[in-house]
Each structure stands twice: as structure tokens, then as C-alpha cells.
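Work through the exercises below with the model open. Try each task before reading its solution.

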Amino acid sequence: MGTGWLRPIMSNSGLISTVAFKLAGGPTFFGLEGSVGCAGQALDLLNVGLGMAREEVVDLQEEEDGCGGVVIVPAYGGLLCPRWRPDAGGVILGLGLHTRPRHLVRATMEGVGHMLREVWDCMNTDLVRSDIDIPEQLFVSGGLASSDNICQVVATMLDIKLVRPTMLETTALGVAMVSGHTSGVWTLTGMASTVDTFLPSLNTMARLRKIDQWEQAVQASLAWGEQKEASKERTISLESSLPGTVWLFSTAAIVLLSMAAQQG
């Protein structure tokens, strides 16, 4: 998210301050960004790893219970912004005999939405602290943005209007636009594209219930990571103690054999 050109904002919420862009002869513009680590790959795991369709029977009219009680934390490469816990593990909670593939797909989408929501909440905190107005809508782009389902879920989790341009590869488009502007081929004014919009569709209480379930699932993810690290440390401790143990027992054995030989 762009934060202006006066100075970079140093985040207190776990975000990354970065340079956004600089046009020839103009000031440097700065921004805040946050990485969630595993978004598209989380859905690819369902598709490639488990053989489910990415859009398998996801009914957007059943947003409140569309997951069938399942909560997924797609921390398959750890949890990045704002927690920065690479040791966290992916978890699936709430499975039952009623669980169907569509519930897992929906829960994965919501898990991605929750990770983006945490980044958005951190941005709000840093923007308010820096006296910068919070946007009333967000633009989305990239491969995942081609999915209406994903866009609707993200709009609901972030509780904000989501705007999707016709051209989804905005990073490449931005480079081309700036290059053309710098070369004098065109100007940047008046370059707009038609858009789709997505509005939040859950009431406040239903959304807060989902956030509460997510927080509980994240604690399980973090606890699993801590357990893995503790097990690793115990293994290392055991392996490091083996040489001394072997020396002790071998020395004792030699002494006993020597005493037995003398008595014989």
C-alpha cells in the first residue's frame, strides 16, 4: 500500500517498509507491504495434492456455515506477516463425518482471507499512527483475483469493498506504464479500466465468530511449531550426548575386563 513520498513509514505491526516507485525527475514514493507466504499454493495443495477442484461446489450463499465447522490455517510454509513464525505448521480443525471436499475448499479460501485480513489490520494500525487516511476500498490483482469466490471471501474477511480491474497482471502493467511514461510514449493520466466490485456479505457477529475460531486455530498452529522445535532440540541434545556416553561405558568395560584378566 502506498504511503506517500515524504518519508517511509517504519511499521510497528510487523509489516515491511519499502520503496514503491520513482518517476524520472520526481520524488520517491514509499509503501507498506506484508507477505502471507501461502495463498495460491494452499489451493494448489487441494487441487494437485488432494485431487479436489479449486472451485468445488463452493456455495457463496452459505458463507456463515459454508465450511461445515472446518477451520484451516494454511501455514504450509510457516506464518509470515505479521507473526513471522516460520516454525508454525498447517492445521485443519473441526473435521467430522459430515465434512465434504467443498468444506475444505471453502475453509482454505477463508484461511487465506484471514491471513490477508491480519495484514490489512496491521496496515490500518500503522496508517492511523501516521495520520494517513484509511482507504474505503482495495484493489486486487494477480492469479487468485480471477476467482469470484476468492474475491468475495476476501472482501468479507477484510470487511471492505474490493475492486478488481479487468487487467489482473497489474505489476507487469505498471512497469509498462511507467516505462512508456518515462520514454514519452504516453502519459499516466486517464489510464483506467473497467472493474468488478465485491462487498462484504456477513454481519458483524458472524464475522467476529469466524475471527475467534481462526485465532484458536492459529494458536494450535503455533503450538505445533513449538512442539516440533522442542522435539528437534531433544534429538540434538541426545545425539550430542552419545559420544560421551559411549566413551564412559567403553572405559568402564575396559577396566572390568582388565580386572578380570588380573584375577585370572
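**Exercise 1. The largest pocket**

Task: Find which residues lie nearest the centre of the largest pocket, and which element gives the largest share of its lining.

Solution:
- Start at the centre. In this predicted model, M1, F139, V140, S141 and T170 lie nearest to it.
- Move out to the whole lining. It takes in 45 residues.
- Sort these by element. β2, β3, α2 (101-129), β6 (137-139), α3 (148-158), β7 (161-165) and α4 (170-183) each give two or more residues to the lining.
- Pick the main contributor. With 6 residues, α4 supplies the largest share.
- Sort the lining by chemistry. The split is 30 nonpolar, 14 polar and 1 charged.
- Finish with the volume. The pocket holds about 1700 Å³ of space.

**Exercise 2. Strand pairing**

Task: State in which sense β3 pairs with β1, and how many bridges join β2 to β3.

Solution:
- Take β1 (residues 2-4) and β3 (residues 28-33). They pair in the antiparallel sense, over 2 bridges.
- Fix the register of this pair. G4 sits opposite F30 in β3.
- Now take β2 (residues 16-22). It runs antiparallel to β3, and 6 bridges join the two strands.
- Fix the register again. I16 faces E33 in β3.
- Look at the turn. The hairpin of β2 and β3 has 5 residues between the strands, and G25 there takes a positive phi near 80 degrees.

**Exercise 3. A loop residue**

Task: Decide whether L23 is buried, partly exposed or exposed, and find what it contacts beyond its sequence neighbours.

Solution:
- Locate the residue. L23 is in the loop between β2 and β3.
- Read its accessibility. L23 has 22% relative accessibility, so it counts as partly exposed. The cut-off for buried is under 20%.
- List the contacts. Setting aside neighbours within four places in sequence, L23 touches V178, H181 and L188.
- Compare sequence with space. L23 and T182 are 159 residues apart in sequence, yet their C-alpha atoms are 7.2 Å apart.

**Exercise 4. The whole protein**

Task: How many helices and strands does the protein have, and in what order do they run?

Solution:
- Count the elements. There are 5 helices and 8 strands.
- Read from the N terminus. The order is β-β-β-α-β-β-α-β-α-β-α-β-α.
- Check burial. Of the 264 residues, 35% are buried.
- Check contact range. Among contacts between residues at least 6 apart in sequence, 73% join residues at least 24 apart.
- End at the surface. About 15200 Å² is accessible, and 60% of that belongs to carbon and sulfur atoms.

Key
Residues numbered from 1 in each chain as written. Predicted model: local features only at pLDDT ≥ 70, side-chain atom pairs only at ≥ 80, totals over all residues. Heavy atoms only, no water. Pairing = 2+ DSSP bridges. Helix = DSSP H or I, 4+ residues; strand = E, 2+ residues; numbered from the N terminus. 1 Å grid on protein atoms, 1.4 Å probe; cavity = no way out; pocket = protein on both sides within 12 Å on 5 of 7 lines; lining within 4 Å. Points joined across faces, edges and corners; volume = space filled by probe spheres on them. Nonpolar A, V, L, I, M, F, W, Y, C, P; charged D, E, K, R; others polar. Buried < 20%, exposed > 50% of the residue type's maximum accessible area, 1.4 Å probe, protein only. Contact = heavy atoms within 4.5 Å. Areas by Shrake-Rupley, 256 points an atom, 1.4 Å probe, with all protein chains shown as cover.
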